[in-house]
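The following report describes selected features of a two-chain model, going from strand pairing to contacts between domains and chains.

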Amino acid sequence: MSPCQTSRAANPIPVRAGIGLRAPHHRELVESRPDAGWLEVHSENYFGDGVPLHYLERARELYPVSLHGVGSSLGSADPLNRDHLRKLKQLIDRIEPGLVSEHLCWSSIDGRYLNDLLPLPYTQEALDHVVARIVEVQELLGRQILIENLSSYVQFSQSAMPEWEFLAAVAERADSGILLDVNNIYVNARNHGFDPLVYLRAVPAARVREIHLAGHTVKRYDDGEILIDTHSARVCDDVWTLYRAAIAHLGVRPTLIEWDSELPALSVLLDEARIAQHFMEHAHDGVAA
Amino acid sequence: MTASLRELQQAFAAGVFEESNTLLTDLRDGGFRAVQHLQIYRNNVFAKLTDALGACYPVVQKLVGEEFFGFLADAYIRRHPPRSGDVHDFGSALPEFVAAFEPARSLAYLPDVARLEWAWHESYHAADAAPLVPETLGAVSPEVYACIVFHLHPSARLLQSAFPCLRIWQVNQPGFDGEPTVNLDAGAERLLVIRHGVDVVIGALGAGEYAMLRAFADGKNLGEAADGALAVEPAFDLGAALRRHVVVETFSGFERLDE
């Protein structure tokens, strides 16, 4: 073991509830050291060498940390952004995260970034492409990564398979893990009209290493409504129900509460994490009863 | 003919940035017409990027108001879309963009306020470095002092403006409860933005002091820095200014360029 690891929290992400750490909570977290199983941050927010990285290193001494990327643009038809991956590798070397994850999406084309998680068409072409890219990224980073399913608001006419089949095939062929976002399954089930339990049953359980939970927003129009994955609210009751179904089916997994906009007090995130923790500890109660 | 993945992504990006509807032939209607589904991405992309700009430029946003800032951001995003998946650098061209932005022309000080905010942002994200240890200067013999180049701390940024930007910045900070008036004719201002630990601080500099630090930032030696400082401020006390900046840890080191 290298000497710099001795002051750090153990590396693996425990099978507990954790919280997403965002800049406004940096100082409070390292000063108050609340009880949280683990932390996850957006990798790109720590690509600089300044204040955010300072806090992440302090947080890393106290908690297991997972790095969650939002900007690798894995599914883009552009060449991989080597500079981005070099920065990610540097951050991984520095933080020694328990898990590294990215989204099953694209976010740039012709060098222009939309800074959003955009859906792929579920075609053989997209599947072959994104598998090759994940394999390449895993080689570059020297480790397996987790791939996360996302919320989407469009459906491509080209799509030849359902989302769950695409996700499972990507993970199997690229030999990656899966970060299963239960809120995103719920949002897509509502937006695109499928049964979220069909999705859950199709997920290869052994590949799921982490679960995400977040709040969404319901946008209402005169002629209907659509769910937007805003990460701006508490997890809703339906998503908690789906989460319980997920852990009953897959087994308990490290579970993260994500909150990105309209960030509340740190105590609210911890409160949500306690709810997740409770369900994890009683995962089999429903089955027994 | 079926669009390739690249064509689909190009049509998607054009659908968001240029409001092209080419993509619609490749989208299914869902709960709503396909165009309404695409519109969600248009809204999300612009809202997120506007938020990212607002996070770097809170004072500019406060000065022009949320609505005008949205209008400015919209134009900026179309002209300077992000070029990487790390949005830290995304706002770098905003000061120059504001300077050329016709609808903001009446706010002559706005580009400099934007430059100050970008300097603050860069300083916040810059690497840390140990400060220069004063004793190490003792090893340098006086006859080669002129050949010394001081290294500014990696977080140091220098700015000068014809407007009182620091005052504008201060009265627009959250929680400011003092006298909010700003005299726009207060005269030219020279500023040093630098980080100590996790705190970015902005300090006003004299003309000579600014010229000296600017010279070091440009890699010039102490002899050249002194000439520059004395040219703009004949009574400039070089020794006092150097001592002060060593004490307040403006420098991270020095080198001799005589060899």
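Two strands are taken to pair if DSSP finds at least two bridges between them, where strands (E, at least two residues) and helices (H or I, at least four) are DSSP runs numbered from the N terminus. The model is predicted, with local features needing pLDDT of at least 70 and side-chain atom pairs counted only at pLDDT 80 or more, whereas totals for chains, interfaces and linings use all residues. Residues are numbered from 1 along each chain as its sequence is written, while chains are lettered from A and ligands numbered from 1 in the order in which they are written.

**Strand pairing in chain A**

Strand β1(A) has two parallel partners, and A:Ile19 has a bridge partner in each, as the table sets out.

| Strand pair | Sense | Bridges | Residue opposite A:Ile19 |
|---|---|---|---|
| β1(A) (residues 17-20) and β12(A) (residues 255-257) | parallel | three | A:Ile257 |
| β1(A) and β2(A) (residues 39-42) | parallel | two | A:Leu39 |

Together with helix α1 of chain A (residues 26-32), β1(A) and β2(A) form a β-α-β unit that is right-handed, meaning that, with the strands pointing away from the viewer, the path from the first strand over the helix to the second runs clockwise.

**Helix α9 of chain B**

In helix α9 of chain B (residues 222-232), the buried residues are B:Leu222, B:Ala225, B:Ala226 and B:Ala229, a residue being buried if 20 or more other C-beta atoms, placed from the backbone, lie within 10 Å of its own. Seen down the axis of α9(B), these buried residues fall within an arc of 100 degrees, so they line one face of the helix; the arc is that of the directions from the helix axis to the C-beta atoms. They pack against β1 (148-152), α8 (207-217) and α10 (238-247) of chain B.

**Domains and chain contacts**

An automatic or database assignment, the origin of the domain bounds, divides chain B into domain 1 (1-107) and domain 2 (111-259). Their C-alpha centres lie 36 Å apart, and the contact between them takes 13 residues from domain 1 of chain B and 10 residues from domain 2 of chain B, contact requiring C-beta atoms, placed from the backbone, within 7 Å. On the domain 1 side, α3 (58-64) and α5 (94-99) of chain B each supply at least two residues.

Between the chains, 37 residues of chain B are in contact with 42 residues of chain A. Helices α1 (5-17), α2 (34-56) and α6 (110-125) of chain B each supply at least two residues of the chain B side.

Terms used
A residue is buried if 20 or more other C-beta atoms lie within 10 Å of its own, exposed if 12 or fewer, and partly exposed in between; C-beta atoms are placed from the backbone. Two residues are in contact if their C-beta atoms, placed from the backbone, lie within 7 Å.
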